[in-house]
Amino acid sequence: MSTTSISKTPLLEVRDLTVTYAGGARAVRGVNLRVEAGRKLGIAGESGCGKSTLALALLRLLPAGTKVTGEILLNGEDVLAMKWGRVRAVRWAGASIVFQGAMHSLNAVHRIGDQIAEPILLHSKATPAAARKRAGELLEQVGLPAARTDAYPHELSGGQRQRVMIAMALACDPGLIIADEPTTALDVMIQAQILRLIEQLVSEQDLGLIMISHDLAVLSDTCDRLAVMYAGRVVEEGPASEVYESAHHPYSRALSGAFPRIGDPSSRFAPQGLPGDPPDPSALPAGCTFHPRCTLALESCATQDQELRDAGRGRRAACVLVGPEGAAAPVLPGAEEARSTS
């Protein structure tokens with residue numbers, strides 16, 4: 001591990017972050033996260049659980065009228081307290097985002113070389129020729145020929161366009177990359193290539209990475225730690241592989257069980273998905289927000305909210321069933337019976 005990774009000041013530290021949209025929707029509620037240089041944090045959850053809102057909040061990209069409280073410390077400096085000039089300087093150069101759906105982010109009428117060069121010109125004193133040369137170098141870094149700088153987005157495949165987005169994110173040498181569902185629209189072979197590319201870049205350049213996805217399997221294979229969000233809160237956090245394989249929170253267990261495991265026939269015969277959807281952020285239920293969908297809910301869950309508590313071995317979970325020494329992941333009713341007949 002590098003000395004940067006173990007420094008006292010993390011690359012990013014989020015403290016008690018709350019995001020409330022105009023109209024009262026509480027999309028993020030009291031989130032605390034930490035990312036060191038050279039480390040990879042995965043954030044998982046269904047659509048509507050606050051993952052993308054959290055990502056946008058980190059660089060103050062939320063719409064006007066949104067109320068954001070707490071602290072977002074990037075290299076020890078609070079993003080929320082920055083003046084707008086400083087925020088613009090931090091974007092791209094301090095932290096950058098790779099959005100899902102590259103075709104929606106790239107300008108269809110501009111060549112990709114010009115689009116990669118644009119942030120370089122804005123954030124450095126490079127000449128247009130130097131910025132263009134740097135764009136070619138970045139394309140080669142992500143596995144594309146430098147000659148593709150003259151291509152338009154529609155002339156590239158989906159995987160190639162996603163590589164262009166990664167090249168743009170690296171253009172100004174940021175310390176932190178935020179990847180919001182970067183492989184959702186790609187087939188599994190291209191997805192694997194993009195994920196390996198991201199891992200390689202993080203390792204070689206000692207970057208910090210936040211990767212957002214609904215797929216725990218992808219995050220467990222890519223990230224060091226994993227935070228599972230539900231209704232705007234982190235309900236479980238710990239080493240990625242452990243959270244995926246033996247989740248403590250019932251929601252994490254259901255999310256993990258929704259994806260069949262290769263070589264495990266029981267996962268095909270006993271799917272453990274959940275009915276319904278996450279609650280409306282503007283009308284959250286009382287008590288534990290997961291209790292209306294939880295098959296293990298106790299009577300107290302309807303009235304008592306749950307905070308993250310120690311679950312042992314560097315893990316935390318917000319569930320009344322988790323004790324101070326940690327606990328085995330609760331098996332959802334019916335799963336064992338289904339396995340016994342497979």
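How many cavities of 30 Å³ or more does the structure hold? The answer is three. Good morning, colleagues. I should state at the outset that this is a predicted model, and I shall begin with its overall make-up before returning to those cavities.

The chain has 342 residues, of which 50% count as buried. Its secondary structure comes to twelve helices and twelve strands. If we take contacts between residues at least 6 apart in sequence, 64% of them join residues at least 24 apart.

Let me turn to the nonpolar interior. The largest nonpolar core contains 88 residues. Leu12, Leu33, Leu54, Val164, Ile166, Leu176 and Ile210 have the most contacts inside that core. I shall take Val164 as an example. Setting aside neighbours within four places in sequence, Val164 is in contact with Leu106, Ile112, Ile116, Leu139, Leu144 and Leu156.

Now to the cavities themselves. Rolling a probe the size of a water molecule over the atoms shows where empty space is left. The largest cavity has a volume of about 90 Å³. It is lined by 14 residues, and those closest to its centre are Pro250, Cys288, Cys294, Cys301 and Cys319. By character, the lining of the largest cavity divides into eleven nonpolar residues, three polar and no charged.

The second largest cavity has a volume of about 80 Å³. Which residues line the second largest cavity? They are Val98, Ile166, Leu170, Ile177, Ala179, Ile198, Leu201, Val202 and Leu207. This lining consists of nine nonpolar residues, with no polar and no charged ones. Strand E7, residues 176-180, and helix H7, residues 188-205, each supply at least two of the lining residues. The greatest contribution comes from H7, which gives three residues. Ile166, one of the lining residues of this cavity, also appears among the residues with the most contacts inside the largest nonpolar core.

Pro250, which I named for the largest cavity, leads us to helix H10, residues 250-257. How many of the eight residues of H10 are buried? The count is eight of eight. They are Pro250, Tyr251, Ser252, Arg253, Ala254, Leu255, Ser256 and Gly257.

One residue of that helix, Ser252, is in contact with Glu236, and Glu236 is my next subject. Glu236 lies in strand E10, residues 233-239. Is Glu236 buried or exposed? Its relative accessible area is 0%, and therefore Glu236 is buried. The side chains of Glu236 and Arg315 are joined by a polar contact of 2.8 Å. Beyond neighbours within four places in sequence, the residues in contact with Glu236 include Leu226, Val228, His248, His249, Leu308, Arg316 and Ala317. Glu236 and Ala311 stand 75 residues apart in sequence, yet their C-alpha atoms are 9.3 Å apart in space.

A second acidic residue deserves a brief word. Asp215 is placed in the loop between strand E8, residues 208-213, and helix H8, residues 216-222. Why does Asp215 count as buried? It does so because its relative accessibility is 15%, and the cut-off for buried is under 20%. The side chain of Asp215 reaches the backbone nitrogen of Val218 at 3.3 Å.

Next, two residues with unusual mention in the backbone geometry. Asn75 has a phi near 55°, a positive value in a residue other than glycine. Asn75 sits in the loop between strand E4, residues 67-74, and strand E5, residues 77-78. With a relative accessibility of 53%, Asn75 counts as exposed. Glu181 likewise has a positive phi, of about 50°, although it is not a glycine. Glu181 belongs to the loop between E7 and H7, the two elements that each supply at least two residues to the lining of the second largest cavity. At 10% relative accessibility, Glu181 counts as buried.

Finally, I come to Gly30, found in strand E2, residues 26-35. Gly30 is partly exposed, since its relative accessible area is 30%. Which residues does Gly30 touch, not counting those up to four places away in sequence? They are Asp16, Leu17 and Thr18. Gly30 and Val14 are 16 residues apart in sequence, with a C-alpha to C-alpha distance of 9.4 Å.

To close, I return to the opening question: the structure holds three cavities of 30 Å³ or more, and the largest has a volume of about 90 Å³. Thank you for your attention.

Conventions:
Residues numbered from 1 in each chain as written. Predicted model: local features only at pLDDT ≥ 70, side-chain atom pairs only at ≥ 80, totals over all residues. Heavy atoms only, no water. 1 Å grid on protein atoms, 1.4 Å probe; cavity = no way out; pocket = protein on both sides within 12 Å on 5 of 7 lines; lining within 4 Å. Points joined across faces, edges and corners; volume = space filled by probe spheres on them. Nonpolar A, V, L, I, M, F, W, Y, C, P; charged D, E, K, R; others polar. Helix = DSSP H or I, 4+ residues; strand = E, 2+ residues; numbered from the N terminus. Buried < 20%, exposed > 50% of the residue type's maximum accessible area, 1.4 Å probe, protein only. Polar contact = N/O pair within 3.5 Å; in protein donor to acceptor, adjacent residues only side chain to side chain. Core = buried A, V, L, I, M, F, W, Y, C linked by side-chain atoms within 4.5 Å. Contact = heavy atoms within 4.5 Å.
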